[in-house]
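This report describes a single protein chain, beginning with one loop residue and proceeding to the fold, a pocket and several individual sites.

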Amino acid sequence: MIHDDETLVREMLTRAADDLPSGGPDTPALVTAGERAVRRRRRLAVSATAVVTAVALLGVTALLGVRQSPTPADRTWPPTVAPTTLDPTRQLFRLTWLPADLPERNLSTAADRQTIGASRFTPVEATQVRRLVGSVAVTVGARGVDFFTDQLTRDNRNAGKLRSGPTPWATPPGSPVEPVQGHPAFLHTSPNGRETVLSWQYAPDAWVTITAVTIDRPAEVLRRVAEGMVWERQPVRVPLQPVALPSDARLHQARMRWREGRWDTVSLDYRLSGSSAAGADFSVGLERGDRRDDPTGVVQDRPAWISVRNGGSGDWSVGGVPGCAGCRGSVGTGSPAGSAALGGEDGAQDLAAAVRPVANHDDESTWRPL
């Protein structure tokens, strides 16, 4: 009840009491009782409003996923000046729409770019291979990251020729189209018509690209994805418990994939201080789903799949993960320095055997921030 309503009720009670015959009910008592009723109704109205508001917020949370309140620094995105290195522990944006017929989802947060994508695969008969039949991917680059040389290379490869020399594109490939988020945008289609790219510059020398591969009405789909892109930094959360790592290891990239509505693969790539490796020095992850090939070894009385390459790099995957039926802890080394930092082959396989999921790992609200 608002203040004007309360005043009106008070006046009505007072007027009614004045009209009563003498010797009747005590007038001040009637007014006091009426005021109590008003206060009770007001408290009930406030409580009901709070309940409705809470239910609405719960509905929004369920729709958009569990997210922490943005910090002041998070609210400054997108920046007017993009950083040259992105933080792999922070997701920079989210999407409110992706095509429903692309059921697999993926997230990659690297130091130079971040990607959220959706895809669809079909199995190749009598093999373990899956063939990509459609995808959409949104990628945000750090300042100075060149997406367009890669695009030209793909265009030439699809056209059956090799690229040589620097890219001739001073601006993004394609034709100008309606702006995106207030920025000039460009739409490009590869020579074979299989790939369509929508690009715009979100800050000086920093770009966003949305790429569609083998989908119907790609320009329409890309525009709708772009319109549903929300800049909102949030901690990257994973369904893995922490493991002991070398003290100078720094997260370089986090990668996750979802299939059939639940997480399927998580991989965390690390670099060592002063590393000259092109990629990660080593990675730690958790994979879901049974492998079709037979184990190649045993680690701590658990089935293991081990592949060691020349130079000391290799992959170790250990099944029978406690708390995650059908899961495998995994470790990969990509450089001699990474292998040495983990303690060689024995250290790598022991680390793979130590990987554990968080409790209730299928409930993403229980995942831990990196």
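## Gly334 and its surroundings

In this predicted model, Gly334 touches Ala280, Asp281, Phe282 and Ser313, with residues up to four places away in sequence left out of the count. Gly334 itself belongs to the loop between E17 and H5. The C-alpha atoms of Gly334 and Arg309 are 9.9 Å apart, while the two residues are 25 positions apart in sequence.

## Overall architecture

The protein contains six helices and 18 strands. Of its 370 residues, 39% count as buried. The exposed surface of the protein comes to about 20100 Å², and carbon and sulfur atoms supply 54% of that area.

Contacts between residues with a separation of 6 or more can be divided by their distance along the chain. Pairs that are 24 or more positions apart account for 54% of these contacts.

## Helix H6 and its packing

Helix H6 spans residues 344–354, and its residues Gly347, Ala348, Leu351, Ala352 and Ala353 are buried. Against which elements do the buried residues of H6 pack? Five strands and one helix are listed here in order: strand E13 (282–287), strand E14 (297–299), strand E15 (302–308), strand E16 (314–318), strand E17 (328–333) and helix H5 (336–342).

## Arg328 in strand E17

One of the packing partners of H6, strand E17, also contains Arg328. Is Arg328 buried or exposed? Arg328 counts as buried because its relative accessibility is 8%, and the cut-off for burial is under 20%.

A polar atom of the Arg328 side chain lies 2.2 Å from the backbone oxygen of Gly289. With residues up to four places away in sequence set aside, Arg328 touches Gly285, Leu286, Glu287, Gly289, Asp290, Arg291, Trp305, Ser317, Val318, Gly319 and Val321.

## The second largest pocket

The second largest pocket has a volume of about 700 Å³. Its lining consists of 22 residues, and those nearest the centre are Arg257, Arg259, Asp264, Arg288 and Asp290. Asp290, which is among these central residues, is also touched by Arg328.

How do the lining residues divide into nonpolar, polar and charged? The lining has four nonpolar, five polar and 13 charged residues. At least two lining residues come from each of strand E3 (113–123), strand E11 (249–259) and strand E12 (262–272). The most is given by E12, which contributes four residues.

## Thr139 in strand E4

Thr139 is part of strand E4, residues 130–141. This residue is buried because its relative accessible area is 11%, below the cut-off of 20%. The side chains of Thr139 and Thr115 are joined by a polar contact of 2.9 Å.

Apart from neighbours within four places in sequence, Thr139 is in contact with Arg113, Gln114, Thr115, Phe147, Trp207, Val208 and Thr209. Thr115 therefore appears both in this contact list and in the polar contact with the buried Thr139.

## Ala82 between H2 and E1

Ala82 occupies a place in the loop between helix H2 (27–64) and strand E1 (90–95). Despite its position in a loop, Ala82 is buried, with a relative accessible area of 1%. Its contacts, other than those with neighbours within four places in sequence, are with Arg143, Tyr202, Ala203 and Ala206.

What is the C-alpha to C-alpha distance between Ala82 and Ala142? The distance is 6.2 Å, although 60 residues separate Ala82 and Ala142 in sequence.

## Positive phi angles between E8 and H4

The loop between strand E8 (206–213) and helix H4 (218–227) holds Thr214. Thr214 is not a glycine, yet its phi is positive, at about 50°. Thr214 is partly exposed, with a relative accessible area of 39%.

Arg217 is also placed in the loop between E8 and H4. Phi of Arg217 is near 45°, again a positive value in a residue other than glycine. Is Arg217 buried or exposed? Arg217 counts as exposed because its relative accessibility is 55%, over the cut-off of 50%.

Terms used: Residues are numbered from 1 along each chain as its sequence is written. This is a predicted model: local features need pLDDT of at least 70, side-chain atom pairs count only at pLDDT 80 or more; totals for chains, interfaces and linings use all residues. Side-chain values use heavy atoms; hydrogens and water are left out. Buried means under 20% relative accessible area, exposed over 50%, partly exposed in between (1.4 Å probe, protein chains only). Contact means heavy atoms within 4.5 Å. Accessible areas come from the Shrake-Rupley method with a 1.4 Å probe; for residues, only the protein chains shown count as cover. On a 1 Å grid over the protein atoms alone, a cavity is a set of points where a 1.4 Å probe fits but cannot get out, and a pocket is an open set with protein on both sides within 12 Å along at least five of seven lines; lining residues have an atom within 4 Å of a point. Grid points are joined across faces, edges and corners, and a volume is the space filled by probe spheres set on the points. Ala, Val, Leu, Ile, Met, Phe, Trp, Tyr, Cys and Pro count as nonpolar, Asp, Glu, Lys and Arg as charged, and the others, Gly among them, as polar. A polar contact is a pair of N or O atoms within 3.5 Å; within protein, one must be able to donate a hydrogen and the other to accept it, and residues adjacent in sequence count only if both atoms are side-chain atoms.
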